[in-house]
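Got your viewer open? Load the model, switch to cartoon, and keep the selection box handy.

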Amino acid sequence: MCTKCSCTDHSLDPLFENNQRWIDGIISEDPEFFKKLAKQQNPEYFWIGCSDSRVPANEIMGLMPGEVFVHRNVANMVNSSDMNCLTVVQYAVEILKVKHIIVTGHYGCGGVKAAIEGNNPDMIEHWLRPIRKYYQRASKEMAQLTKQQQVDRLCEINVIEQVRNVCHIPAVRKAWEKGQHLEVHGLIFGIHDGRLQNLCTTIDNLADAEAFVMRED
Ligand SMILES: [Zn+2]
């Protein structure tokens with residue numbers, strides 16, 4: 001029921017009922033939770049993930065509100081001309097001073113599949129073009145794989161490439177130049193089993209970032 005006015009919009013009632021149950025559950029554990037949450041956010045982690053509804057950052061990592069700063073888009077992309085992403089990264093690094101940037105892809109990503117298949121609506125095609133390039137560049141490896149394996153391997157490659165792109169972002173490089181503690185990680189999530197895995201591409205300084213950016217995978 002609307003608590004703001006006397007309108008009769010009930011279409012989202014199940015969500016408001018869920019919200020009330022969620023509030024009750026949290027308060028029963030910690031009556032001061034929302035008072036503390038309202039004072040500040042001080043997250044240690046910054047998640048860059050896919051918009052896919054099956055990959056929610058907090059739930060997967062078992063974190064509460066206030067513990068992870070989040071940016072999501074189709075296929076967890078980090079693009080040097082994306083003002084939204086660059087701004088969120090700068091805010092996370094310079095204002096919140098997060099210690100970990102976690103780029104997380106997921107197996108079976110629809111965006112990655114669409115990049116392989118092509119023939120998408122124009123904006124989607126444009127957005128996914130970098131992934132198509134990774135696919136073409138890995139053509140030798142891809143030729144050995146089944147369709148399903150190709151998608152999953154390209155999901156991993158895409159994460160590694162986006163970690164590389166994060167290492168190019170001025171806010172990240174400046175943080176390393178100043179000696180700020182900042183680690184950039186690449187992870188992949190399995191929708192089929194709920195497991196989060198480390199792709200072991202962690203970078204935490206400028207010299208390693210330079211080497212990683214130049215490295216051919
Ligand atoms: Zn996805």
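Here is a walk through the sheet, two helix pairs and one residue in a helix.

**The whole chain**

Start zoomed out, and keep in mind that this is a predicted model. Select the protein chain: you should find 10 helices and 5 strands. Its C-alpha trace spans about 60 × 45 × 30 Å along the principal axes. If you colour by burial, buried residues make up 29% of the 217 residues. Contacts reach a long way along the sequence, too: of those with a separation of 6 or more, 67% are between residues 24 or more positions apart.

**The sheet**

Now show just the strands. What order do the 5 strands of the open sheet take? Reading across, the order is β2-β1-β3-β4-β5, and the pairing is mixed. Click on the two ends: β2 (68-73) and β5 (196-198) are the edge strands, and each has a single partner strand, so one side of each has no neighbour in the sheet. Look along the sheet and you can see the twist, as neighbouring strands are turned by 25° against each other on average, ignoring direction.

Select 45-50 next. That is β1, and 6 of its 6 residues are buried. On one flank, β1 runs parallel to β2 over 6 bridges. To find your place there, pick Ile48, which sits opposite His71 in β2. With β3, β1 again pairs in the parallel sense, this time over 5 bridges. The residue to click for this pairing is Gly49, whose bridge partner in β3 is Thr104. Remember Thr104, as it comes back later in the tour.

Step across to 100-106 and 183-189. These are β3 and β4, a parallel pair joined over 7 bridges. Two pairs of residues make good landmarks:

- His100 stands opposite Glu183 in β4.
- Gly105 has Ile188 of β4 as its bridge partner.

Stay on β4 for a moment and ask how many of its 7 residues are buried. The count is 6, so to speak of β4 as mostly covered is fair.

Finish the sheet at β5. Here the direction flips: β4 and β5 pair in the antiparallel sense, over 3 bridges. Click Phe189 and look for its bridge partner in β5, Leu196. Then trace the hairpin of β4 and β5, where 6 residues lie between the strands. One of the spots to check in this hairpin is Gly194, which takes a positive phi near 75°.

**Helices α4 and α9**

Select 83-95 and 170-177 and hide the rest. These are α4 and α9, which pack at an angle of about 20° with their axes 8 Å apart. An angle under 35 degrees counts as roughly parallel, so that is how α4 lies against α9. Show side chains at the contact: from α4 you want Val89, Gln90, Val93 and Glu94, and from α9 you want Ala171, Val172 and Ala175. Sorted by class, this contact has 5 nonpolar, 1 polar and 1 charged residues. If you look at how the helices cross, α4 passes α9 in a left-handed crossing.

**Helices α5 and α8**

For a second pair, select 110-117 and 147-168. Are α5 and α8 roughly parallel or roughly perpendicular to each other? Their angle is about 110°, with the axes 9 Å apart, and that makes them roughly perpendicular. On the α5 side, show Val112, Lys113 and Ile116; in α8 they meet Gln150, Val151, Leu154, Cys155 and Asn158. The class split for this contact is 5 nonpolar, 2 polar and 1 charged.

**Last stop: Glu156**

Keep α8 on screen and pick Glu156, which lies in this helix. Buried or partly exposed? Glu156 has 18 C-beta neighbours inside 10 Å and so counts as partly exposed; buried would take 20 or more.

Bring the sheet back to see what is around Glu156. Leaving out neighbours within four places in sequence, Glu156 is in contact with Gly105, Ile188 and Leu199. You have met two of these already: Gly105 and Ile188 are the bridge partners from β3 and β4. And here is Thr104 again: Thr104 and Glu156 are 52 residues apart in sequence, yet 9.3 Å apart in space from C-alpha to C-alpha.

Technical notes. Residues are numbered from 1 along each chain as its sequence is written. This is a predicted model: local features need pLDDT of at least 70, side-chain atom pairs count only at pLDDT 80 or more; totals for chains, interfaces and linings use all residues. Two strands pair if DSSP finds at least two bridges between them. Helices (H or I, at least four residues) and strands (E, at least two) are DSSP runs, numbered from the N terminus. Axes are lines fitted to C-alpha atoms, for helices over the stretch in contact, and angles run from 0 to 180 degrees between N-to-C directions. Angles under 35 degrees count as roughly parallel, over 145 as roughly antiparallel, 65 to 115 as roughly perpendicular and the rest as oblique. A crossing is left-handed if the near helix is turned anticlockwise from the far one by less than a right angle, and right-handed if clockwise. Two residues are in contact if their C-beta atoms, placed from the backbone, lie within 7 Å. Ala, Val, Leu, Ile, Met, Phe, Trp, Tyr, Cys and Pro count as nonpolar, Asp, Glu, Lys and Arg as charged, and the others, Gly among them, as polar. A residue is buried if 20 or more other C-beta atoms lie within 10 Å of its own, exposed if 12 or fewer, and partly exposed in between; C-beta atoms are placed from the backbone.
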